Amino acid sequence: MFPTVETRSPDPPVTLSALFIGFLKVSLCGFGGGLMWARRVVVEQQQWMSEQEFAETLTLCQLMPGPNIVGIAVCVGSKLRGAIGATTAAAGFILLPWVAGLSLGGLVLQHADHRVVQNILGGLSAAAAGLLIATGIRLLMPHRGRRTALLFAAFAFTGMAFTKLPLLIVLFGLAPLSIAATALESARPR
């Protein structure tokens with residue numbers, strides 16, 4: 001008789017509702033940006049992308065105009081389900097939080113002169129900064145064995161934090177150098 005060959009069926013496509021709910025969760029939990037939550041949902045919980053794919057997607061989104069997190073939603077949705085997935089993921093991220101943000105923002109602006117509101121906003125901004133630093137460290141973790149990557153991460157941090165250069169100058173200044181250094185590093189025999 002003929003030997004049987006076991007074939008693994010491909011994973012079923014991610015549902016549009018899963019994309020919508022995943023990015024809705026990112027937006028509702030991600031006060032101050034949502035990058036950390038996007039990484040958590042996309043990489044850790046749903047495993048729609050690897051750490052490396054997420055870092056590369058974030059890099060691409062930083063080169064595009066607009067908020068990085070919306071770009072990530074569009075890229076993830078597009079990768080998983082095409083144009084309809086991109087639209088669904090972006091809608092999940094934007095729809096309800098836009099309504100809530102607009103309402104809450106109007107309320108805060110009416111009471112911005114109250115000391116309690118100023119204290120709340122000050123505390124929230126400090127927490128958001130901590131979350132952003134933690135996310136940056138997590139994004140760097142897959143590259144911790146590559147000295148070149150760590151060097152360019154330090155250059156970018158220094159350029160942004162201490163010299164107060166604009167993001168585009170740091171990005172367009174370091175990107176070609178980083179690409180060239182990575183190419184040289186990859187071409188070097190081991």
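At what angle do the axes of helix H3 and helix H4 cross, and within what distance do they come? In this predicted model, the axis of H3 (residues 51-63) comes within 9 Å of the axis of H4 (residues 68-110), and the two cross at roughly 125°. H3 is therefore oblique to H4, and the crossing of the two helices is right-handed. On the H3 side the contact is made by Glu 53, Phe 54, Thr 57, Leu 58, Leu 60, Cys 61 and Gln 62, which meet Asn 68, Gly 71, Ile 72, Cys 75 and Lys 79 of H4. Sorted by class, the residues in this contact comprise six nonpolar, four polar and two charged ones.

The largest nonpolar core of the model holds 23 residues, among which Phe 23, Val 42, Trp 48, Phe 54 and Val 76 touch the most other members. At least two residues of this core are supplied by each of helix H1 (16-29), helix H2 (35-45), H3 and H4, with H4 providing the largest share, eight residues. Phe 54 thus appears both in this core and in the contact of H3 with H4. The surroundings of Trp 48 can be described in further detail: when its neighbours within four places in sequence are left aside, Trp 48 is in contact with Val 14, Ala 18, Leu 19, Gly 22, Phe 23, Val 41, Val 42, Glu 53, Val 76, Lys 79 and Leu 80. Among these partners, Phe 23, Val 42 and Val 76 are also named with Trp 48 as core residues that touch the most other members.

The loops present both buried and exposed positions. His 143 lies in the loop between helix H5 (115-140) and helix H6 (147-161), and counts as buried because its relative accessibility is 15%, with the cut-off for burial set at under 20%. Leaving aside neighbours within four places in sequence, the contacts of His 143 are with Gln 52, Ala 55, Ala 149 and Leu 150.

Two loop residues have a positive phi although neither is a glycine. Gln 47, in the loop between H2 and H3, has a phi of about 55° and is exposed, with a relative accessible area of 62%. Lys 164, found in the loop between H6 and helix H7 (167-187), likewise has a phi of about 55°; this lysine is exposed, its relative accessible area being 66%.

Note on methods
Residues are numbered from 1 along each chain as its sequence is written. This is a predicted model: local features need pLDDT of at least 70, side-chain atom pairs count only at pLDDT 80 or more; totals for chains, interfaces and linings use all residues. Side-chain values use heavy atoms; hydrogens and water are left out. Axes are lines fitted to C-alpha atoms, for helices over the stretch in contact, and angles run from 0 to 180 degrees between N-to-C directions. Helices (H or I, at least four residues) and strands (E, at least two) are DSSP runs, numbered from the N terminus. Angles under 35 degrees count as roughly parallel, over 145 as roughly antiparallel, 65 to 115 as roughly perpendicular and the rest as oblique. A crossing is left-handed if the near helix is turned anticlockwise from the far one by less than a right angle, and right-handed if clockwise. Contact means heavy atoms within 4.5 Å. Ala, Val, Leu, Ile, Met, Phe, Trp, Tyr, Cys and Pro count as nonpolar, Asp, Glu, Lys and Arg as charged, and the others, Gly among them, as polar. Buried means under 20% relative accessible area, exposed over 50%, partly exposed in between (1.4 Å probe, protein chains only). A nonpolar core is a set of buried Ala, Val, Leu, Ile, Met, Phe, Trp, Tyr and Cys residues joined through side-chain atoms within 4.5 Å.
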